[in-house]
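Let's take a walk through this model together, one helix at a time. Keep the structure open beside the text and turn it as you read.

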Amino acid sequence: MPVRTGVIVASFVGALILDFMPWPDVALAPDFVALTLAFWCVRQPRRVGLATGWALGLLVDAGNGVLLGQHALAYSVLAFAAVGLSRRILWFDLWGQMLHVLLLLEGAQGVALGVRMVAGAEFPGGSLFIGPAIATLLWPVVSWLLLLPQRRPALLDEHRPL
């Protein structure tokens with residue numbers, strides 16, 4: 001079944017809520033918005049893309065009180081790469097998809113880190129790249145959850161022979 005726009009919006013709202021939760025160690029927390037954005041850019045590249053990534057990035061920047069534009073740029077790069085690789089990623093099995101997603105999320109994290117460092121911040125350490133790895137491990141669960149509404153049964157017609 002085709003995905004409803006409400007499902008996409010609800011998944012982004014849920015991801016934003018999870019991102020804004022107070023995590024004990026922010027460096028180890030997965031970026032749920034980036035993971036959800038990567039999922040929808042791969043699955044629905046005509047409906048979710050760069051503009052969605054930019055808008056979500058601005059929301060994350062404003063919600064976390066960080067340098068305005070760092071997540072917007074990172075999510076836009078993530079969306080561009082995910083849309084460009086969407087057909088390729090879907091050809092792979094789950095492990096191949098997870099490898100692609102790991103590279104996408106680490107790249108987005110690297111872009112955000114680059115923006116922060118250009119603005120004058122210090123390098124926070126290598127633990128910053130553990131969060132995207134944890135988010136990659138959540139890819140099968142997120143895929144299953146977000147595809148669940150599309151697996152709803154079609155309307156059955158008792159009078160139809162097939």
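**A walk through the helices**

The buried residues of α4 pack against four other helices: α1 (5–19), α2 (32–43), α3 (50–64) and α5 (94–118). Please keep in mind as you look around that this is a predicted model. Helix α4 itself runs over residues 70–91, which makes 22 residues. From its first C-alpha to its last it reaches 31 Å, close to the 32 Å expected at 1.5 Å a residue. If you follow its axis, you will find a bend of about 60° at Leu85. The residues of α4 that are buried include Gln70, His71, Ala72 and Ala74 early in the list, and Ala82, Ser86 and Ile89 further along. Tyr75, Ser76, Leu78 and Ala79 are also among them.

Let's stop at one of these. Gln70 sits in helix α4, and its relative accessibility is 1%, so it counts as buried, the limit being under 20%. What does Gln70 touch, once residues up to four places away in sequence are set aside? The list is Asp61, Ala112, Val115 and Arg116.

Another residue of α4, Leu78, takes us to the core. The largest nonpolar core of the model has 35 residues, and Leu78 is listed with Leu37 and Trp40 as having the most contacts inside it. Six helices each supply at least two residues of this core: α1, α2, α3, α4, α5 and α7 (139–147). Which helix gives the most to this core? That is α2, with ten residues.

Trp40 deserves a closer look. With a relative accessibility of 0%, Trp40 counts as buried. Leaving out residues up to four places away in sequence, Trp40 touches Val3, Val7, Ile8, Ser11 and Phe12, and also Pro45, Val48, Leu146 and Gln150. Trp40 has aromatic company too. The structure holds three aromatic pairs. In one of them, the rings of Phe39 and Trp40 have their centres 4.9 Å apart, and their planes meet at 80°, so the pair is edge-to-face, a label that applies to angles over 60 degrees. Phe39, like its partner, is buried, at 0% relative accessibility. Together with Trp139, Phe39 and Trp40 form one aromatic cluster.

Trp139 brings us to α7, where it is buried along with Val142, Ser143, Leu146 and Leu147. Why can these residues be said to line one face of the helix? Seen down the axis of α7, the buried residues fall within an arc of 115°, so they line one face. What covers them includes α1, α2, α5 and α6.

Helix α6 (residues 130–137) can be read in a similar way. Its buried residues are Gly131, Pro132, Ala135 and Thr136. Looking down the axis of α6, you will see these fall within an arc of 145°, so they too line one face of their helix. They pack against α2, α5 and α7. Take Thr136, which lies in α6 and is buried, with a relative accessible area of 5%. Beyond its neighbours within four places in sequence, Thr136 is in contact with Met98, Val101, Leu102 and Leu105.

For another view of this region, turn to helix α5, where Gln109 lies. Is Gln109 buried or exposed? Its relative accessible area is 17%, and the limit for buried is under 20%, so Gln109 counts as buried. Neighbours within four places aside, Gln109 is in contact with Leu128, Phe129 and Pro132, and Pro132 is one of the buried residues of α6. The C-alpha atoms of Gln109 and Ala34 are separated by 9.3 Å, although the two residues are 75 residues apart along the chain.

To finish, let's step out to the surface. Pro24 is found in the loop between α1 and α2. At 85% relative accessibility, above the 50% limit, Pro24 counts as exposed. From Pro24 you can look across to Leu85, where α4 bends. Pro24 and Leu85 are 61 residues apart in sequence, and their C-alpha atoms are 34 Å apart in space.

Note on methods:
Residues are numbered from 1 along each chain as its sequence is written. This is a predicted model: local features need pLDDT of at least 70, side-chain atom pairs count only at pLDDT 80 or more; totals for chains, interfaces and linings use all residues. Side-chain values use heavy atoms; hydrogens and water are left out. The expected span of a helix is 1.5 Å times one less than its number of residues. The bend at a residue is the angle between axes fitted to the seven residues ending there and the seven starting there. Buried means under 20% relative accessible area, exposed over 50%, partly exposed in between (1.4 Å probe, protein chains only). Contact means heavy atoms within 4.5 Å. A nonpolar core is a set of buried Ala, Val, Leu, Ile, Met, Phe, Trp, Tyr and Cys residues joined through side-chain atoms within 4.5 Å. Rings of Phe, Tyr and Trp (its six-membered ring) pair if their centres lie within 6.5 Å; planes under 30 degrees apart count as stacked, over 60 as edge-to-face and the rest as tilted. The arc is that of the directions from the helix axis to the C-beta atoms.
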